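Ready for a few warm-up exercises? Have a look at the structure below, then work through each task with its solution.

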Amino acid sequence: ANDLYDETNVDKVGRDQGSCIRINTTEGSWECTWINFLKGGAITVEGPFYDTHDSVMAITGGRGKYKDARGSMELTVLSDGSGYNFIFRVLA
């Protein structure tokens, strides 16, 4: 469970919660499913997560204003390695 922030990484816009299963310790890979709770609804994502590099997860649904959402969420590692950007590309 983590807080989610806006594109400036200053203002809190939501939180997430979910689970991941370690797939490969050598490659640092996981298979994850989690929910991103945002104002007006939530977006569910599923897919690969890596310890040290970027990935793209599928948006598998949502609720509230994100009901029937689909698309992708790009995870990019912050340049200082302290976290990730979640970049949603929502098709509704």
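**Exercise 1. Work out whether the overall size of the protein chain agrees with a compact globule.**

Keep in mind that this is a predicted model. Start with the chain length: for 92 residues, a compact globule would have a radius of gyration near 12 Å. Now take the value for the protein chain, which is 13 Å, so the two agree. For the box around the C-alpha atoms, go along the principal axes and you get roughly 40 × 25 × 20 Å.

**Exercise 2. List the secondary structure elements from the N terminus on.**

Count them up: there are seven strands and zero helices. Written in order, that gives β-β-β-β-β-β-β.

**Exercise 3. Find the disulfide and describe it.**

First, how many disulfides does the structure hold? Just one. Its partners are Cys 20 and Cys 32, with their sulfur atoms 2.0 Å apart. Next, place them on the chain: Cys 20 sits in strand S2 (residues 12-24) and Cys 32 in strand S3 (residues 29-38), 12 residues apart. Then check the handedness: the torsion about the S-S bond is about 115°, so this disulfide is right-handed.

**Exercise 4. Decide for each of the two cysteines whether it is buried.**

The cut-off for buried is under 20% relative accessible area. Cys 32 has 1%, so Cys 32 is buried. Cys 20 has 36%, so Cys 20 counts as partly exposed. Over the whole protein chain, 29% of the 92 residues count as buried.

**Exercise 5. Compare the charged side chains.**

Tally both kinds: 9 side chains are positive and 13 are negative. The centres of these two sets lie 11 Å apart.

Technical notes:
Residues are numbered from 1 along each chain as its sequence is written. This is a predicted model: local features need pLDDT of at least 70, side-chain atom pairs count only at pLDDT 80 or more; totals for chains, interfaces and linings use all residues. Side-chain values use heavy atoms; hydrogens and water are left out. Helices (H or I, at least four residues) and strands (E, at least two) are DSSP runs, numbered from the N terminus. The radius of gyration is taken over C-alpha atoms; the globule rule is 2.2 Å times the number of residues to the power 0.38. Buried means under 20% relative accessible area, exposed over 50%, partly exposed in between (1.4 Å probe, protein chains only). Lys and Arg count as positive and Asp and Glu as negative; His and the chain ends are not counted. The place of a charge is taken as NZ of Lys, CZ of Arg, CG of Asp or CD of Glu. A disulfide is a pair of cysteine sulfur atoms within 2.5 Å.
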